[in-house]
Amino acid sequence: MHFEFTADQLELAKRVPAFAQEQVAPGAAARDQASQYEEKLLPAMAAEGLFGLRIGTEYGGTDRDAVTTGLVLEELAAGDVAVGYPVLNAALIGGVLHANANQTQKTSWLPPIAAGEAIVALCLTEPEHGTDAAHIQMTAEPDGDGWRLTGEKTSIMIGAYATHGLIFARTGDEGATGITAFYAALDDPRVTRTSMNDLGSRAARRSRLVFDGLPVGAGEVVGGPGLGFVQVMRGFDYSRALISLMALGAAGASLREAYERAGSRQAFGQPIGKFQGVSFPLAEQATLVHAARLLTYEALWRNDAGLRHRAEANMAKWWAPKVAMEAANQALITFGHEGYSEDAPLARRLRDIIGLQLADGTEKRDQTRGDAGIVGARQCSLS
């Protein structure tokens, strides 16, 4: 087995942390308190090429693989989890459009995403349809040569910033085959946005979007009518691994700070790290984070190799955020009362990781759905 990253991946793994430390981490607390990105942030991320990771070079992207995308998101999340969401969305939606859109659509849609001119949101979840996404109720009513979208989407990450959305709506009978995917502009008065007051990742502005007859044309259908869920959703089968790495990136940053604290803080005449009650829990959490990271990168590697990887991605999503929560909590405990203050990044990271436990499916999903569920992943074939 080979566990090393390629030279290209290692180069990016050095460049992105530098960007995260210089332009992401310093403003994380202010963004969290203000519940918004600063104006210069998204353009700076675009200049780094972070929105074109899964988009071909012919459309202005960098055509990176899943493992490399995971590396980028892990390092960004170490600086600020909230900043990872627009990159995650661009990678997932850009990849889906690259695989399913026709040539005219790709030429029109992909370059603006890669350049950061189009900030994209995944508009799938509805108030009564989170896990059971195949039964969404938003309607796409025929209107001439196109449709009008009516209904509500909720828990849409970066919904307050998004200029465009990959929107799932019902054009046919009940069930997955009645759903069509549309890629459409959201800057329209018939789309009302309401930001949510969240526990963590506040700057990412998770939002509720209400569509009041938004017009979409035949040219905005992705993959064909009735194929939105069946075809397009296949592009998201590795997204849980990416989300897991965001959680692990935040946890890793917290553990590194805890180790530094354990080496510098003096108590009873020696560094507190000399006491087993401090060092042993940190060593245990570091081991678990490392193991979860290996599992997560295995899922991404299998995706790149064209191998089955849904079970591994589901396992990673079930376990890695749980591990990350425990590790971040242990780091906070190592700092004691100072870690409990919002003046330090530990509490913010802990809040942010909680959101990643919810993203793309919670731990306690329907176990009867086989490889579609998080817990159900334990019932899947590993081959």
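Helix 9 comprises 29 residues and extends 42 Å from its first C-alpha to its last, close to the 42 Å expected at 1.5 Å a residue (1.5 Å times one less than the number of residues); helices are DSSP runs of H or I of at least four residues and strands E runs of at least two, numbered from the N terminus. The model is predicted, with local features requiring pLDDT of at least 70 and side-chain atom pairs pLDDT 80 or more, whereas totals for chains, interfaces and linings use all residues. Residues are numbered from 1 along each chain, and side-chain values use heavy atoms, without hydrogens and water.

The buried residues of helix 9 (under 20% relative accessible area, 1.4 Å probe, protein chains only; exposed is over 50%, partly exposed in between) include L282, V289, L295, Y297 and L300. The cover over the buried residues includes helix 4 (66-79), helix 8 (239-264) and helix 10 (310-335), contact being heavy atoms within 4.5 Å. G306, with a positive phi near 75°, follows helix 9.

Helix 9 (residues 276-304) also supplies 8 residues, the largest share, to the lining of the second largest pocket. A pocket is an open set of points on a 1 Å grid over the protein atoms alone, where a 1.4 Å probe fits, with protein on both sides within 12 Å along at least five of seven lines; lining residues have an atom within 4 Å of a point. The volume of this pocket is about 500 Å³, taken as the space filled by probe spheres set on the points, which are joined across faces, edges and corners. Among its 17 lining residues, H2, F3, Y297, E298 and W301 are the closest to the centre.
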